Amino acid sequence: MSEVQLRLEGTRLAVFQEATRVQQNLIANLEKKVLHWIARRTPDIINSDHLTSIGALGMLLTGASYAYARYSRYGLLLGCVFLAVNWLGDSLDGTLARHRNRQRPRYGFYVDHVIDCFGITALFAGMGASGYMRPMYAAWLLIAYLLLSSEIFLATYAVGRFEMSHVGLGPTELRILLCIGNVYLFLWPSTHPFGLQLSLLDFGALVGAIGMVAIALFSAVKHGRALYDTERLK
């Protein structure tokens, strides 16, 4: 038995209880049906670890595609292809594990979200290098994402609720919006929304960063108040 296993068995993690998953994004029901359909037809030789690796590779290649878009607009379309690869691996791994009754909730939660943090960093780095988004805006977007992720992970541990979507948007809807933006930029690369001196991706990054920080603040206040009421000192 490894040292890590011994440490885990001596802590609360040894009796780990999975948090309640809260998923209220717009296309959640349709997405679940599609994923279950694919899971039932996935060959036995493919397991959830393979899919996790495919999802991680898809995100890294999406970031690389954005960097390539600096030299060719076709990098934008290539980014859509790899976003689809990322969706397949990132969304199907857990569904396949549950379908086959091969869940590893502690391992799966940890690995998936560590990979997500590195993958999103690669994505925003690629966007900042694309020439379609200023690096400073990419940095703001990354900081906002990490702030929101921190609140979600802390709430998952402290409150027992894993919020997978906010204001009707989850990772899948954001991928779709990003692909729509990519196609629009491919056709009209010099777009400036509302006449502002911002590119389409700059504008999207600004709105996204403000939105994520606002959600993080709102959630922090809500969860902090709930925890305070639960553990109020008398």
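In this predicted model, helix α4 makes the biggest contribution to a nonpolar surface patch, giving five residues. The patch covers about 1200 Å² and is built from I54, Y68, Y71, Y74, L77, L78, V81, V85, V183, Y184, L187 and W188. Besides α4, helices α3 and α7 each provide at least two of its residues. One of the patch members, V183, sits in helix α7, and its relative accessibility of 38% places V183 in the partly exposed class. Two further members can be described in the same way: Y184 is partly exposed at 39% relative accessibility, and W188 is partly exposed with a relative accessible area of 47%.

Turning to the interior, a helpful general point is that nonpolar side chains in soluble globular proteins tend to be buried together. In this model, the largest nonpolar core comprises 33 residues, and L123, F124, M127 and M133 have the most contacts inside it. Two or more core residues come from each of α3 (48–68), α4 (74–99), α5 (105–128), α6 (135–158), α7 (171–187) and α8 (200–230). Of these helices, α6 supplies the largest share, eight residues. Leaving aside residues up to four places away in sequence, M133 touches M127, G128, A138, L141, S199, L201, D202 and A205. Another core lies apart from this one; it has six residues, including L35, A39, L51 and L96.

Charged side chains add a further set of links, with five salt bridges in the structure. In one of them, the side chains of R175 and D90 meet at 3.0 Å, N to O. Because R175 belongs to helix α7 and D90 to helix α4, this pair ties together parts that are 85 residues apart in sequence. The two partners fall into separate accessibility classes: R175 counts as buried at 11%, whereas D90, at 22%, counts as partly exposed.

Another salt bridge joins R161 to E163, whose closest N and O atoms are 2.9 Å apart. Here R161 is partly exposed, at 34% relative accessibility, while E163 is buried, at 12%. A salt bridge also forms between the side chains of R232 and D229, with an N to O distance of 2.7 Å. In this case R232 is partly exposed at 45% relative accessibility, and D229 is likewise partly exposed, at 41%.

Aromatic rings complete the picture, and seven aromatic pairs were counted. The ring centres of Y137 and W140 are 5.1 Å apart and the ring planes meet at 50°, so this pair is classed as tilted. Both residues lie in helix α6, where they are three residues apart, about one turn of the helix. Y137 is buried, with a relative accessible area of 13%, whereas W140 is partly exposed at 41% relative accessibility. The rings of Y184 and W188 also form a tilted pair, with centres 4.8 Å apart and planes at 45°. Both of these residues were met above as members of the nonpolar surface patch. Finally, F109, F153 and F162 form one aromatic cluster.

Technical notes
Residues are numbered from 1 along each chain as its sequence is written. This is a predicted model: local features need pLDDT of at least 70, side-chain atom pairs count only at pLDDT 80 or more; totals for chains, interfaces and linings use all residues. Side-chain values use heavy atoms; hydrogens and water are left out. A nonpolar core is a set of buried Ala, Val, Leu, Ile, Met, Phe, Trp, Tyr and Cys residues joined through side-chain atoms within 4.5 Å. Buried means under 20% relative accessible area, exposed over 50%, partly exposed in between (1.4 Å probe, protein chains only). Helices (H or I, at least four residues) and strands (E, at least two) are DSSP runs, numbered from the N terminus. Contact means heavy atoms within 4.5 Å. Patches are made of residues with over 30% relative accessible area and no salt bridge: like charges are joined within 9 Å, nonpolar side chains (Val, Leu, Ile, Met, Phe, Trp, Tyr) within 5 Å. Accessible areas come from the Shrake-Rupley method with a 1.4 Å probe; for residues, only the protein chains shown count as cover. A salt bridge is a side-chain nitrogen of Lys or Arg within 4 Å of a carboxyl oxygen of Asp or Glu. Rings of Phe, Tyr and Trp (its six-membered ring) pair if their centres lie within 6.5 Å; planes under 30 degrees apart count as stacked, over 60 as edge-to-face and the rest as tilted.
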